[in-house]
Amino acid sequence: MHPQIATLLASQGGVASASQLIGVGVSRYVLRRLVARKELVRLPRGIIVDPDVWQQAAPWERHALRARGLMAGEAGAADRPVALSHHSALSLCGVALYGVDERIHIVRTDGRRSRSDDFVQCHQAVADDQVHERDGVRLVVPELAVLQTAATFGVESGLVSADSGLREGLVTPERLRRTLARGGFGNGATNASTVTEHSSGLAESAGESRCRWLFRVLGLPTPVAQAVIKDRTGAWVGRVDFLFEKERAIVEFDGRVKYTDPQVLFEEKQREDALRALGYTVVRLVWADLQHPERVRAKILAAFQVSAGSRAS
């Protein structure tokens, strides 16, 4: 690869703008040739990406590449009052995303709005004090980005990002409340308010955030998150994702492949046997279950019945 291109891409996580590359002496002809030979990936708005980085990137990582690439060009120039917003801002902070679109979302700080298209969505302007810089890129503060995401894409999307931000210490409940009070969320204000009220740093994954909200939508009792279970002597048995205390039921969310190691699989089975020996019924949910709320409800209600039957016998 052309040395200037390789250096710039490597220094920016695999992405740059065409204007940056032209500025360090790479001709438009060379860029076109490298794109045609698939040695570079060219996206709209003059975004250039290392093809190896692009191919290996997960969907949310590709969103971050597009967002960073946009701000590396004219949109991110020092004299432009533009900042990343919504999940585009969150993608550069490493915050979990769910149920969002692929467009790059931006705001202005000069009271104006820019044109939106299939690649970029420009939203209502925000105040200067709601924007900061991260790694040289202007973006709205995380608590605003979280509530913008909730207002635009719904409570579930907002909760996934809010829980992630709380868990990582990027937002706090107080900052969420202050940001909500400033308003500016339009028809999505109720979503933003709901996320502020129900977000929790106890969720350890997007799947757990979605489970917690689904339980509420289904009208199930509110479980204890990350509950510690001890045996009758007070000895530690384990920590579980969700505990329905009164119903003596436990829900575990298996969001990733955990048990490729036979020893780990054995230890997990031992743990689950110990929980059942204490009178708990254990339900395991996976990603596919979350697409079928009726399945989740049936599993949990069945667990409640099993536990009730055990206590009665």
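Helices here are DSSP runs of H or I with at least four residues, numbered from the N terminus. The exercises below concern a predicted model.

**Exercise 1. Place Glu143 in the structure: state which helix holds Glu143, whether Glu143 is buried or exposed, and which residues distant in sequence Glu143 contacts.**

Solution.
- Step 1: Glu143 belongs to helix α7, which covers residues 142-153.
- Step 2: The relative accessible area of Glu143 is 9%. The cut-off for buried is under 20%, so Glu143 is buried.
- Step 3: With neighbours within four places in sequence left aside, Glu143 is in contact with Leu170, Val171, Arg175, Leu176 and Thr179.

**Exercise 2. Describe the open sheet of four strands: give the strand order, the edge strands and the helix that packs on the sheet.**

Solution.
- Step 1: The strand order is β9-β10-β11-β12, and the pairing is mixed.
- Step 2: The edges are β9 (224-230) and β12 (281-285). Each has a single partner strand, so one side of each is left without a neighbour in the sheet.
- Step 3: From one strand to the next, the twist averages 50°.
- Step 4: Helix α11 (residues 206-217) packs on this sheet and touches β9, β10, β11 and β12. The direction of α11 makes about 50° with that of β10.

**Exercise 3. Find the sense in which β10 and β11 pair, and name the bridge partner of Phe242.**

Solution.
- Step 1: Strands of a sheet pair through backbone hydrogen bonds, either parallel or antiparallel.
- Step 2: β10 (residues 236-244) and β11 (residues 249-253) pair in the antiparallel sense, over three bridges.
- Step 3: Phe242 has Val251, in β11, as its bridge partner.

**Exercise 4. Characterise the largest pocket by volume, lining and residue class.**

Solution.
- Step 1: The volume of the largest pocket is about 750 Å³.
- Step 2: Its lining has 32 residues, and those nearest the centre are Pro59, Trp60, Glu61, Ala96 and Leu97.
- Step 3: α5 (59-72) and α6 (86-91) each supply at least two lining residues. The largest share, nine residues, is from α5.
- Step 4: By class, the lining holds 15 nonpolar, nine polar and eight charged residues.

**Exercise 5. Do likewise for the second largest pocket.**

Solution.
- Step 1: The second largest pocket holds about 410 Å³ of space.
- Step 2: It is lined by 20 residues, with Arg45, Leu70, Gly73, Glu74 and Ala75 closest to its centre.
- Step 3: α2 (18-23) and α3 (28-36) each supply at least two residues of this lining.
- Step 4: The lining of the second largest pocket has eight nonpolar, five polar and seven charged residues.

Key
Residues are numbered from 1 along each chain as its sequence is written. This is a predicted model: local features need pLDDT of at least 70, side-chain atom pairs count only at pLDDT 80 or more; totals for chains, interfaces and linings use all residues. Side-chain values use heavy atoms; hydrogens and water are left out. Buried means under 20% relative accessible area, exposed over 50%, partly exposed in between (1.4 Å probe, protein chains only). Contact means heavy atoms within 4.5 Å. Two strands pair if DSSP finds at least two bridges between them. Axes are lines fitted to C-alpha atoms, for helices over the stretch in contact, and angles run from 0 to 180 degrees between N-to-C directions. On a 1 Å grid over the protein atoms alone, a cavity is a set of points where a 1.4 Å probe fits but cannot get out, and a pocket is an open set with protein on both sides within 12 Å along at least five of seven lines; lining residues have an atom within 4 Å of a point. Grid points are joined across faces, edges and corners, and a volume is the space filled by probe spheres set on the points. Ala, Val, Leu, Ile, Met, Phe, Trp, Tyr, Cys and Pro count as nonpolar, Asp, Glu, Lys and Arg as charged, and the others, Gly among them, as polar.
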